[in-house]
Amino acid sequence: MILILLFILFINLNAQTTDPNEIVNSVITKFNQVKDYEVDIEIKVDVEFLKVPDSKAKLYFKQPDKVKLKSEGFALLPKDGIDFSPSSIIKGNYTAIFERTETLDRYQTSVVKIVPLNQTTNIILSTIWIDNKNYIIRKVESTTKTQGTYTIELFYDDEFKYPLPKQMIFSFNLDKMNLPQTFTNTTPKSSKKRFKDGPVIGKVFVNYSNYLVNKNLSDKIFEEEKK
């Protein structure tokens, strides 16, 4: 009898909920321990016919959704890709749908689809892979109205107590991005020919270091600078 009770207790403790709203709320609750942060980032662009030098920047965040990127160079990241916080994906009214459980790398994840109900948002649909144990987002695939579909992969330092990544890999279809011609080393006609041959996938690698978390950042940091 004791063995049966212990077995039942073990099953209950390890059972994972399939309620998408409960899963999403757990992620938000976990991230809300981060009130603000600043972090140094290094950006490396990997695109076949683009010459973009590696760049460094500083990223600031403050709850609930204030984001500031200070960079002297060209940063090939849309606004939706800069902010990896749950609030950047799960905002406004939405419908959450539990799709399946899946092992991503070595982590057990819940795959949840987020359908925004606000017609003004650029995102049409996001699929999120959520770590069942740590309640952090490990992967996002978003389909947008104007920038096609992009994927964000997030990697973490297991020793760091905050749910903030050490690396992000941002993958996108280059033909959907509005790129300055000065960053291509081919003629516009050559670039268009490459797009006709099929989608060109670009990747941006972002490494994070020197986090300063919960330092009560001033709102002035996020004000637009006068030109």
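This section describes the sheet, the aromatic pairs and selected residues of a predicted model.

The protein chain has an average pLDDT of 80, and 75% of the residues score at least 70. Confidence is lower in particular stretches. Over residues 3-14 the pLDDT falls below 50, and the model shows 0 contacts for this stretch beyond near neighbours in sequence. Residues 180-193 also have pLDDT under 50, although 15 contacts beyond four places in sequence are present in the model for them.

An open sheet of 10 strands was identified, with antiparallel pairing and the order E3-E2-E1-E10-E9-E8-E7-E6-E5-E4. The edges are occupied by strand E3 (66-71) and strand E4 (94-104); each has a single partner strand, so one side of each lacks a neighbour in the sheet. On average, and with direction ignored, neighbouring strands of this sheet are turned by 20° against each other. Helix H2, comprising residues 20-31, lies across strand E2 (55-62), E4, strand E5 (107-116), strand E6 (123-131) and strand E7 (137-144). The helix runs at about 85° to E4.

Within the sheet, strand E9 was examined together with its partners on either side in the strand order. Strand E8 (residues 149-155) pairs with strand E9 (residues 167-173) in the antiparallel sense over 6 bridges. Phe 155 has Gln 167 in E9 as its bridge partner, and Ile 152 is bridged to Phe 170 in E9. E9 also pairs with strand E10 (residues 201-213), again in the antiparallel sense, over 7 bridges. In this pairing, Asn 173 stands opposite Ile 201 in E10. E9 is mostly covered, with 6 of its 7 residues buried.

Aromatic rings were considered next. A pair of aromatic rings is described by the distance of the centres and the angle of the planes. The count comes to 8 aromatic pairs. For Tyr 37 and Phe 61, the ring centres are 5.4 Å apart and the planes stand at 20°; the pair is therefore stacked, given that planes under 30 degrees apart count as stacked. This pair links distant parts of the chain, since Tyr 37 belongs to strand E1 and Phe 61 to strand E2, 24 residues apart. Both Tyr 37 and Phe 61 are buried. For Tyr 150 and Phe 170, the centres lie 5.2 Å apart and the planes are at 40°, so the pair is tilted. Because Tyr 150 lies in strand E8 and Phe 170 in strand E9, the pair ties together parts that are 20 residues apart in sequence. Tyr 150 is buried, with a relative accessible area of 3%, and Phe 170 likewise counts as buried, at 0% relative accessibility.

One aromatic cluster is formed by Phe 31, Tyr 37, Phe 61, Phe 160, Tyr 162, Tyr 208 and Tyr 211. Of these members, Tyr 162 is found in the loop between E8 and E9. Tyr 162 has a relative accessible area of 16% and is therefore buried, the cut-off being under 20%. In sequence, Tyr 162 and Phe 31 are 131 residues apart, whereas their C-alpha atoms are 7.8 Å apart in space. When residues up to four places away in sequence are not counted, Tyr 162 touches Gln 33, Val 34, Val 213 and Asn 214.

Charged side chains were also found over aromatic rings. Arg 138 lies over the face of Tyr 107, at 3.5 Å from the ring centre. The charged end of Lys 139 sits over the ring of Trp 129, at 4.6 Å from its centre.

A further charged residue, Glu 38, lies in strand E1 (residues 36-46). Its relative accessibility is 17%, so Glu 38 counts as buried. With neighbours within four places in sequence left aside, Glu 38 is in contact with Lys 58, Leu 59, Tyr 60, Asn 210, Tyr 211, Leu 212 and Leu 217. One of these contacts, Tyr 211, is also a member of the aromatic cluster.

How values were computed:
Residues are numbered from 1 along each chain as its sequence is written. Side-chain values use heavy atoms; hydrogens and water are left out. Two strands pair if DSSP finds at least two bridges between them. Helices (H or I, at least four residues) and strands (E, at least two) are DSSP runs, numbered from the N terminus. Axes are lines fitted to C-alpha atoms, for helices over the stretch in contact, and angles run from 0 to 180 degrees between N-to-C directions. Contact means heavy atoms within 4.5 Å. Buried means under 20% relative accessible area, exposed over 50%, partly exposed in between (1.4 Å probe, protein chains only). Rings of Phe, Tyr and Trp (its six-membered ring) pair if their centres lie within 6.5 Å; planes under 30 degrees apart count as stacked, over 60 as edge-to-face and the rest as tilted. A charge sits over a ring if NZ of Lys or CZ of Arg is within 6 Å of the ring centre and within 35 degrees of the ring normal. pLDDT is the predictor's confidence in each residue, from 0 to 100.
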